[in-house]
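Thank you all for coming; I would like to take a few minutes to walk through one model with you, so please have a look at it on the screen before I start.

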Amino acid sequence: MRALAIARKDFRELPGYFKISTIMLPAMMIFVISTFIFSAGSSDAIEDLPGLPDSLFPPGSTDLDKSLYFSLNILAPPFFLMLATLLPITLAADAFAGERERKTLETLLALPMRSRDLFLGKTLLPLSYGFGASLVTFLVITILVNVSFPDSTITMPNLTWLVLIFVTVPAFSLLGVLIQLLISSRVDRTYFAVQIGSLTILPILVLFIGGITGILLLSPALLLIVAGGVFLLDYILMQLGSDSLSRGL
Amino acid sequence: MSSRPTVVAQDLVKKFDWLTAVDGVSFEVNEGEVFGLLGPNGAGKTTTIRMICTLIAPTSGRATVLGSDATSDPIGVKESIGLLPETPSVYESLTAEQNLDFFCEMYRVPREKRRSIIDDLLSTFGLEERRDSKVQTYSKGMRQKLSLARTLVHDPPIIFLDEPTSGLDPESAKMVRDRISYMSKKSGKTIFLSTHNLVEAESLCSRVAIIKAGKIIMIGSPGELATGKGTTYMVRLEGNTEEISRKVADLEYVLKVENVDGGIKIDLKSRSHGPDLVETIIGQGGRVTEFVKETRTLEDIYLEAVR
């Protein structure tokens with residue numbers, strides 16, 4: 001499949017420092033989210049806990065459980081989403097602008113493949129990178145929570161996180177990647193693409209602020225609804241991207 | 001050589017905002033020929049190639065390659081061509097072998113044939129010893145050879161070469177020219193060559209088109225173009241050169257007269273007017289000491305055309 005060949009080629013072209021970042025960035029995600037979770041046990045965190053409906057918690061939940069729930073299911077997911085979206089867009093920024101910088105874009109566009117396949121090929125590497133990093137982070141956090149809070153009524157993995165990892169993260173990652181690819185196909189320098197593309201995280205910031213202020217409760221249903229809207233947007237952007245490439249250089 | 005047209009451009013126009021880069025270009029390239037597109041920088045050569053190769057859409061007009069329309073069937077066009085852009089276009093972080101393997105996969109070369117094709121191309125272009133080196137360690141000449149090799153992985157019947165020897169050392173340039181000649185004569189491929197190098201064009205091309213400010217101003221074989229511009233004689237004589245020049249310039253079959261150091265350069269409509277010219281000069285009291293027919297090179301024709 002030509003799209004896979006492009007993704008393989010892109011992977012081989014990744015500079016060494018970027019391959020190292022594939023380890024560093026999930027490590028950073030794990031560190032930040034673990035900090036959220038472990039700070040849940042502090043007395044300050046429990047005292048400052050916003051009022052949450054009791055129906056959210058299993059019977060017999062302690063203040064520590066409530067604090068852990070708040071950190072794990074309300075604070076951490078938007079932050080996680082933000083990082084999972086930012087990681088792949090740095091890769092996607094290079095997709096076309098980098099080819100243009102290296103004078104290989106003309107050759108790539110002269111290959112006998114549909115614009116949609118080319119766009120898909122350029123999507124695969126950053127998307128797999130973002131999803132892979134998220135999955136590793138999720139697994140590590142799951143282990144940390146279960147080892148550190150064995151007696152808590154708050155379980156991990158739970159439905160919120162499963163929906164987040166397997167539905168919402170891919171939807172947002174794809175959104176970030178597609179927006180970035182569109183920008184990358186129209187600018188001359190990867191640097192410009194990164195700058196403009198970073199604005200992609202703005203909608204996630206809304207979720208983040210909504211979460212920490214207690215306005216938005218990130219339930220599995222809300223995550224699914226948001227992801228559904230984002231997937232729809234992804235589809236439209238995929239069409240736009242393919243059309244944009246088919247118009248040529 | 002067959003006369004079947006493989007590349008056809010019909011009244012191609014490309015406008016970029018206020019600039020008309022290509023303005024009504026039409027030509028046909030026949031199967032198996034080396035067709036040269038010559039012109040100064042910014043004349044519209046690369047834009048014309050890009051339209052034919054489907055990289056940009058024409059504002060109006062039509063281009064076809066082996067019957068496939070560049071606008072409605074871009075994949076059909078792309079499958080039958082190999083394109084070598086002006087700058088070496090290979091992936092520098094990959095090795096030569098990885099580059100060729102990637103292009104084999106993109107052109108759907110059967111897996112079982114890839115190894116022999118890659119070996120053959122690397123050997124042909126003298127790159128087999130560096131097959132596992134990253135391209136970023138290659139010289140410009142080696143990159144250009146690898147670029148040319150990658151245009152051939154799918155054995156396309158038509159090859160577009162945009163300034164293929166630009167910036168190469170003489171040895172590498174000769175190697176590329178030899179390969180172009182081989183591909184045309186031995187493999188029967190149609191070559192579309194855009195170049196500034198007029199000596200190269202004259203030695204390789206069976207026909208050339210000269211493009212200036214987006215318009216084709218001359219088209220034909222180098223020989224036809226030379227004949228079309230008349231025959232030039234260099235005449236050295238004793239006598240009143242200026243007076244004789246004026247008289248000669250009034251003759252009906254004389255296209256142009258130019259006084260040059262020690263003689264007169266005269267363009268005639270046809271070679272057959274040579275004896276009449278000599279007779280006229282003698283009749284004006286001149287004594288002809290030298291009468292030489294000048295051979296017009298493609299460079300002479302080109303420079304006259306683009307001035």
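I will go from the two domains of chain B to its strands, and then to the contact with chain A.

First, the ground rules: this is a predicted model, in which local features need pLDDT of at least 70 and side-chain atom pairs count only at pLDDT 80 or more, while totals for chains, interfaces and linings use all residues. Residues are numbered from 1 along each chain as its sequence is written, and chains are lettered from A and ligands numbered from 1 in the order in which they are written.

Chain B is divided into domain 1 (5-222) and domain 2 (226-306), with bounds that come from an automatic or database domain assignment. The centres of these two domains of chain B, taken over C-alpha atoms, are separated by 41 Å. In chain B, 12 residues of domain 1 are in contact with 8 residues of domain 2, where contact requires that the C-beta atoms, placed from the backbone, lie within 7 Å.

Within domain 2 of chain B, let me turn to a sheet. It is an open sheet of 4 strands of chain B, in the order S12-S13-S11-S14 and with antiparallel pairing; strands here are DSSP runs of E of at least two residues, helices are runs of H or I of at least four, and both are numbered from the N terminus, while two strands pair if DSSP finds at least two bridges between them. Because strand S12 (254-260) and strand S14 (287-294) of chain B each have a single partner strand, they stand at the edges, and one side of each is left without a neighbour in the sheet.

Strands S11 (residues 231-238) and S13 (residues 263-268) of chain B pair in the antiparallel sense over 5 bridges, and Met234(B) stands opposite Lys265(B) in S13(B).

Moving to the start of chain B, strand S1 (residues 5-16) and strand S2 (residues 19-30) of chain B run antiparallel and are joined by 9 bridges, with Leu19(B) in S2(B) as the bridge partner of Phe16(B). S1(B) is also joined by 5 bridges to strand S4 (residues 60-65) of chain B, again antiparallel, and there Gln10(B) stands opposite Arg62(B).

Finally, how many residues of chain B are in contact with chain A? There are 21 of them, in contact with 19 residues of chain A, and helix H2 (74-79) and helix H3 (96-106) of chain B are the elements that give two or more residues to that side. H3(B) gives the most, with 4 residues.

Key. Two residues are in contact if their C-beta atoms, placed from the backbone, lie within 7 Å.
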